[in-house]
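Subject: Structure handover

Hello,

Here is the structure you are taking over. My notes on what was found in it follow below.

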Amino acid sequence: MSSNRFLKLAGMTASIATKATKHTLSSLVGSEEDRQKSRSEMLQSVGIQIADTLGEMKGAVMKVGQIASQYKDVFPPEVAKALEKLQKDAPPMPFAVIKKQVENELKQPLEQLFHHFDEQPFASASIGQVHRAILTTGEAVVVKVQYPEIDSNIDSDLKQVRMALKIAGVINMDKALQDKIFAEIRDSLYDELDYTKEAQNLAIFAHFHKDDDGIIIPKVFHSHSSKRVLTLSEELGEKLETASTWDNAVKQKLAKNLFRFSAGQLFKLYRVHCDPHPGNFAFRADGSLVAYDFGGIKSYSYDEVALFERFAIHCLTGDVTAVEQDLVTLGMKKDPENLPAEFYDDWLQIGLKPYGFTQLFNLSQHQPYDFGKSQTHHEIIAEAKKSLKYWQKFQPSPKTMMLDRTISGQYWNLVNLGVTIDLSILMKEYIHLEKLP
């Protein structure tokens, strides 16, 4: 790690330690309400400081911040909310840096590799940026270029971020679970940094979706790709903001393709594209969907997918005893001690609503859900506050972490798309409801 990089992260950690100490001292006096207010204010301040520091830096730390903002069950809401700003495009690297990286990776001058290469990127993120180009053979392509030395900083970056979060008391879990969570994040980051793996993923997913007319996967140009450079066919489409202005009939086609994209991969391929950020999709007026960025892929075993399906069926049937046991098996509930049925009923009522079910555990009652007016995310926050006394019985699960990220991301895609659709019909394609009694 460069000395400047280390000093920035170490300075952030030291500042957070000071804030945490002040909070600890102030919590020795005052009412419980005052202590809760003080902790919330401390977490807000910590979240803003982490977001500001990581936002100035490329690489793993910024990517960790982006991931953290999507895990509402791993980090306190005050911290996750502050980190949401890291989801926006990062400032681009100078073109000279990008040109040198491409030439070092592909072992040829840029002018010999491409007929034309746009100096300005059309997208930039935490670990790389994307440029439009034209090959010498005339094909229009996009070139994904990884920033230099990103992979050499991952372990030290993660260590610093973890230390800062631990000092602030942000990670409320034992060390063994922390190790598993951060190992999952670390493995995900290393996978995303290996563009040869992403090229393999693209081939696998392209084959899987070859009969899905509404899902387009870019083609890899292996002659112009390496571990840190990935050249793909240019597949054009509009941004989500534009798609949100289209007729609902078109938006329904897009929503169905988004749903089938994730659910189909999970239940039929046992691999899932785990970064459904809206920037990783392009939308077409015929209802088709272009998918990008296949670096963040999570694979599951047959038994794990069978458990996910069984859990979904138990939720749909309202079998709270089985739901509770599933949560223990998934590692989300610490012990098998029974909680009141009403606790699960309330959560299931909230969770099933976006899928079109209007009455709890009555599968014959369903109707289109207006995602543009969805209050589900607000209802979850309100219910979480009501259920605080039970939270010590639950914990984040490495087994479901990437899946949670996927489901949450697709929910927000549908909200921002503003579609009205009955997803209960689509669920029957993947959840075998004929198993229901």
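**Contacts and cores**

Leaving aside neighbours within four places in sequence, L266 is in contact with R271, V272, Y300, V305, F308 and L403. Bear in mind throughout that this is a predicted model.

Both L266 and Y300 also appear among the residues with the most contacts inside the largest nonpolar core, together with F261, F283, F294 and F371. That core has 56 residues. Helix α11, residues 248-269, supplies the largest share of the core, at 9 residues. A second core of 27 residues is separate from it and includes F117, I150, L158 and I185. As background, nonpolar side chains in soluble globular proteins tend to be buried together.

**Helix α14 and its surroundings**

Helix α14 runs over residues 341-352, which makes 12 residues. From first C-alpha to last the helix reaches 16 Å, close to the 16 Å expected at 1.5 Å a residue. Which residues of α14 are buried? They are F343, Y344, W347, L348, I350 and L352. The elements that cover these buried residues include α12 (302-317), α13 (320-329) and α15 (376-386).

One residue of α13 deserves its own entry. E324 is located in that helix and is buried, with a relative accessible area of 4%. Apart from neighbours within four places in sequence, E324 has contacts with K333, E337, N338, L339 and Y344. Of these contacts, Y344 is also listed among the buried residues of α14.

**Strands**

There is an open sheet of 3 strands in the order β5-β9-β8, and its pairing is mixed. Its edge strands are β5 (215-216) and β8 (281-283), each of which pairs on one side only. Between β5 and β9 (residues 289-291) the pairing is parallel, over 2 bridges. Within that pairing, I216 has V290 of β9 as its bridge partner.

Elsewhere, β4 and β6 pair in the antiparallel sense over 5 bridges. In this pair, V141 stands opposite S233 of β6. Is strand β6 enclosed or open? All told, 5 of the 5 residues of β6 (residues 229-233) are buried, so the strand is largely enclosed by the rest of the structure. For general reference, the strands of a sheet pair through backbone hydrogen bonds, either parallel or antiparallel.

**Salt bridges**

How many salt bridges does the structure hold? The count is 16. Three of them are described here.

The pair E198 and K144 forms a salt bridge in which the closest N and O atoms are 2.8 Å apart. This pair links distant parts of the chain: E198 lies in helix α9 (residues 195-208) and K144 in strand β4 (residues 140-146), 54 residues apart. E198 is buried, at a relative accessible area of 1%. K144 also counts as buried, at 15% relative accessibility, because the cut-off for buried is under 20%. The pair does not stand alone, since K144, E198 and D293 are linked in a network of salt bridges.

D191 and K197 form another salt bridge, with 2.9 Å between the closest N and O atoms. Here D191 counts as partly exposed at 25% relative accessibility, and K197 counts as partly exposed at 37%.

In the salt bridge of R186 with D187, the closest N and O atoms are 3.9 Å apart. R186 is partly exposed, with a relative accessible area of 33%, and D187 is partly exposed too, with 43%.

**Cysteines**

How many disulfides does a search of the whole structure find? The result is 0. In general terms, a disulfide is a covalent bond between the sulfur atoms of two cysteines. As for individual cysteines, C274 is buried, with a relative accessible area of 2%. C315 is buried as well, with a relative accessible area of 10%.

That is the end of the handover notes.

Regards

Definitions and conventions
Residues numbered from 1 in each chain as written. Predicted model: local features only at pLDDT ≥ 70, side-chain atom pairs only at ≥ 80, totals over all residues. Heavy atoms only, no water. Disulfide = S-S within 2.5 Å. Buried < 20%, exposed > 50% of the residue type's maximum accessible area, 1.4 Å probe, protein only. Helix = DSSP H or I, 4+ residues; strand = E, 2+ residues; numbered from the N terminus. Expected span 1.5 Å × (residues − 1). Contact = heavy atoms within 4.5 Å. Core = buried A, V, L, I, M, F, W, Y, C linked by side-chain atoms within 4.5 Å. Pairing = 2+ DSSP bridges. Salt bridge = Lys/Arg side-chain N within 4 Å of Asp/Glu carboxyl O.
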